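Here's a look at the hollow spots of a structure and at what sits in them. Have the model open as you read.

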Amino acid sequence: MDSLMNLISTFDLASGRIAGGALEERHLSDLRGRFVDSAAYEQALQAGDALVYTVCGVERPPSEGQLNLALGRLFPGKIGDEYFMTKGHFHAWRPAAEVYLGLAGEGCLLLESEDGRAAQLVPLRTNAAVYVPGNTAHRTVNTGAVPLVYLGVYPAQAGHDYAAIAERNFRHVVVEQTGRPVMLPREQP
Ligand code: M6P
Ligand code: ZN
């Protein structure tokens, strides 16, 4: 059995770090092509390449039955009316599900089926878990005024497929309308 040190992961919500994990930063420039209002995106980028989110992971060898942890810390902000969000991904191993545990802040998960037709906006709240089924694209959105912090738990064999999303993008966007988050189709009829 693993040593106690390898069985317990201590995390710090303020820094977004899990002890022993590497902290990755994703800036505005890493999200090119994701936001619907490209003029607002370019304008924001000119003002500075803001830090949008961090991910700190504890990964295990990708063998059957193993689980990975990833602590996400997504800052508040908007590009036009669209909230700051993660890149979003499918799992390379499509049937792999994931559990998100809300630890701080206010936000939601945008879920889409592979063909993009079925979509759901699921609140991600502190002290609540969201189950992300397999074969589902998932993106986290910060709809509040403070950092949204959450822990993702997923099979070590899942892998991240960003290419499928880069190619087809999410078919829905999460924007503020009259002070509240709403999910709309990306292409307006
Ligand atoms: C969660 C997990 C991670 C993921 C991170 C950021 O913590 O799902 O696996 O990397 O969110 O999301 P993304 O990889 O889409 O940028
Ligand atoms: Zn995932």
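## Before we start

Strands here are DSSP runs of at least two residues, numbered from the N terminus. One more thing to keep in mind: this is a predicted model.

## The ligand and its neighbours

Let's begin with ligand 1. It has 14 residues around it, and those that come nearest are Tyr-53, Glu-98, Tyr-100, His-160 and Tyr-162. Which strands help to build this shell? Strand S4 (51–58), strand S9 (98–104) and strand S14 (148–155) each give it at least two residues. Sorted by class, the shell is made up of 7 nonpolar, 4 polar and 3 charged residues.

Some of the side chains reach oxygen atoms of the ligand. For Glu-98, a side-chain N or O atom is 2.6 Å from an oxygen atom of ligand 1. Tyr-100 has a side-chain N or O atom 2.8 Å from a ligand oxygen, and a polar side-chain atom of Arg-26 also lies 2.8 Å from an oxygen atom of ligand 1. As for cover, ligand 1 taken alone exposes 380 Å², and the protein buries 98% of that.

## The largest pocket

So where does the ligand sit? The space that ligand 1 takes up is the largest pocket. Its volume is about 350 Å³. The lining of this pocket counts 24 residues, with Val-55, Ala-70, His-89, His-160 and Tyr-162 the closest to its centre. His-160 and Tyr-162 have come up before, as they are among the residues that come nearest to ligand 1.

Several strands share the job of lining the largest pocket: strand S3 (22–27), S4, strand S5 (67–74), S9, S13 and S14 each supply at least two residues. The lining splits into 8 nonpolar, 10 polar and 6 charged residues.

## The second largest pocket

Next comes a pocket with about 210 Å³ of space, the second largest. Its lining includes Asp-2, Met-5, Asn-6 and Ile-8, along with Ser-9, Thr-10, Ala-19, Gly-20 and Gly-21. Val-58 and Arg-60 line this pocket as well. By class, you get 4 nonpolar, 5 polar and 2 charged residues in the lining.

## A closed cavity

How many cavities of 30 Å³ or more does the structure hold? There is 1, and the largest cavity has a volume of about 30 Å³. Around it you'll find Glu-82, Tyr-83, Met-85, Leu-110, Arg-139, Val-141, His-172, Val-173 and Val-174. Strand S7 (82–83), strand S13 (136–142) and strand S16 (172–177) are the elements that give two or more residues to this lining.

Which strand gives the most to the lining of the largest cavity? That's S16, with 3 residues. Split by class, the lining of the largest cavity has 6 nonpolar residues, 1 polar and 2 charged. S13 is worth another glance in the viewer: it supplies at least two residues to the lining of the largest pocket, and it also gives two or more to the lining of the largest cavity.

Note on methods
Residues are numbered from 1 along each chain as its sequence is written. Chains are lettered from A and ligands numbered from 1 in the order in which they are written. This is a predicted model: local features need pLDDT of at least 70, side-chain atom pairs count only at pLDDT 80 or more; totals for chains, interfaces and linings use all residues. Side-chain values use heavy atoms; hydrogens and water are left out. A residue is near a molecule or strand if one of its heavy atoms lies within 4 Å of it. A polar contact is a pair of N or O atoms within 3.5 Å; within protein, one must be able to donate a hydrogen and the other to accept it, and residues adjacent in sequence count only if both atoms are side-chain atoms. Accessible areas come from the Shrake-Rupley method with a 1.4 Å probe; for residues, only the protein chains shown count as cover. On a 1 Å grid over the protein atoms alone, a cavity is a set of points where a 1.4 Å probe fits but cannot get out, and a pocket is an open set with protein on both sides within 12 Å along at least five of seven lines; lining residues have an atom within 4 Å of a point. A molecule sits in a cavity or pocket if more than half of its atoms lie within 2 Å of its grid points. Helices (H or I, at least four residues) and strands (E, at least two) are DSSP runs, numbered from the N terminus. Ala, Val, Leu, Ile, Met, Phe, Trp, Tyr, Cys and Pro count as nonpolar, Asp, Glu, Lys and Arg as charged, and the others, Gly among them, as polar. Grid points are joined across faces, edges and corners, and a volume is the space filled by probe spheres set on the points.
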